[in-house]
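Here are my notes on this model, point by point. Please read them with the structure open.

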Amino acid sequence: MKNKIITAISTLMLFIPWTILPLRTFDWALQSPTAGILISCYAAFMIFSGIFSVAAYTKGNVKNKWMQLCIAINSIYAVGGIAAFIMMVVSAL
């Protein structure tokens, strides 16, 4: 049962970063302080998703094919989140 719950959470974490696309259609989401906060929150969530999936696979022993796919995609998201943070820091300097 624990394995199915963790796999379901990792699966949900695959789709949440894509919710930024409809949010960015609003004018308030494109303004300066809000846009930075929104992107920072999504980047932090993507990094957390990658760490959670890897930890669940290695330490939680949730080892199935779907979890391997979740690890691959969430790891790519985590790298993208780190890149977003780096770009934000570089542009702030």
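Contact below means heavy atoms within 4.5 Å. Under that cut-off, Asn3 touches Gly60, Asn61 and Val62, leaving out residues up to four places away in sequence. Keep in mind that this is a predicted model.

1. Overall layout. The protein chain has 4 helices and 0 strands. From the N terminus on, the order of elements is α-α-α-α. The C-alpha trace spans about 45 × 30 × 15 Å along its principal axes.

2. Burial and surface. The protein chain has 93 residues, and 32% of them count as buried. About 6100 Å² is exposed, with carbon and sulfur atoms supplying 77% of that area.

3. Contact range. Take the contacts between residues at least 6 apart in sequence. Of these, 69% join residues at least 24 apart.

4. Helix H3. This helix covers residues 32-58. H3 has 27 residues and reaches 39 Å from its first C-alpha to its last, close to the 39 Å expected at 1.5 Å a residue. Its buried residues are Ala35, Leu38, Tyr42, Ala43, Met46, Ile47, Ser49, Gly50, Ser53, Ala56 and Tyr57. Their cover includes H1, H2 (20-23) and H4.

5. Helix H4. This helix takes in residues 65-92. H4 has 28 residues and reaches 41 Å from first C-alpha to last, close to the 40 Å expected at 1.5 Å a residue. Met67, Cys70, Ile71, Asn74, Tyr77, Ala78, Gly81 and Ala84 are its buried residues. H1 and H3 are among the elements covering them. As background, an α-helix has 3.6 residues a turn, so residues three or four places apart point the same way.

6. Asn74. Is this H4 residue buried or exposed? Asn74 counts as buried because its relative accessibility is 0%, and the cut-off for buried is under 20%. Its side chain makes a polar contact with the side chain of Ser53, at 2.8 Å. Ser53 is itself listed among the buried residues of H3. Leaving aside neighbours within four places in sequence, Asn74 is in contact with Ser10, Met13, Leu14, Met46, Ser49, Gly50 and Ser53. Of these partners, Met46, Ser49, Gly50 and Ser53 are also buried residues of H3.

7. Ser10. This residue lies in helix H1. Ser10 is buried, at a relative accessible area of 0%. Not counting residues up to four places away in sequence, Ser10 touches Phe52, Ser53, Met67, Cys70 and Asn74. Met67, Cys70 and Asn74 appear among the buried residues of H4. Ser53 appears among those of H3. Look at Ser10, Ser53 and Asn74 together: Ser10 touches both of the others, and Asn74 has the side-chain polar contact with Ser53.

8. Phe48 and Ala78. Phe48 is in H3. Phe48 is partly exposed, with 45% relative accessibility. Ala78 is one of the buried residues of H4. How far apart are Phe48 and Ala78 in space, C-alpha to C-alpha? The distance is 7.4 Å, with their places 30 residues apart in sequence.

9. Nonpolar surface patch. Met1, Ile5 and Ile9 form a nonpolar patch on the surface. Together they have about 330 Å² of accessible area. Ile5 lies in H1, and Ile9 is placed there too, in the helix of residues 2-15. Both are partly exposed: Ile5 at 45% relative accessibility, Ile9 with a relative accessible area of 35%. The C-alpha atoms of Ile5 and Val62 are separated by 9.9 Å, at 57 residues apart along the chain.

10. Asn3. Back to the residue from the opening. Asn3 lies in H1. Asn3 is partly exposed, with a relative accessible area of 36%. The C-alpha atoms of Asn3 and Leu23 are separated by 32 Å, with the two residues 20 apart along the chain. Compare the contacts of Asn3 with Gly60, Asn61 and Val62.

11. Asn61. This contact partner of Asn3 is found in the loop between H3 and H4. Its phi is near 55 degrees, a positive value in a residue other than glycine. In general, most residues other than glycine have a negative phi. Check the backbone of Asn61 in the view.

Notes. Residues are numbered from 1 along each chain as its sequence is written. This is a predicted model: local features need pLDDT of at least 70, side-chain atom pairs count only at pLDDT 80 or more; totals for chains, interfaces and linings use all residues. Side-chain values use heavy atoms; hydrogens and water are left out. Patches are made of residues with over 30% relative accessible area and no salt bridge: like charges are joined within 9 Å, nonpolar side chains (Val, Leu, Ile, Met, Phe, Trp, Tyr) within 5 Å. Accessible areas come from the Shrake-Rupley method with a 1.4 Å probe; for residues, only the protein chains shown count as cover. A salt bridge is a side-chain nitrogen of Lys or Arg within 4 Å of a carboxyl oxygen of Asp or Glu. Helices (H or I, at least four residues) and strands (E, at least two) are DSSP runs, numbered from the N terminus. Buried means under 20% relative accessible area, exposed over 50%, partly exposed in between (1.4 Å probe, protein chains only). A polar contact is a pair of N or O atoms within 3.5 Å; within protein, one must be able to donate a hydrogen and the other to accept it, and residues adjacent in sequence count only if both atoms are side-chain atoms. The expected span of a helix is 1.5 Å times one less than its number of residues.
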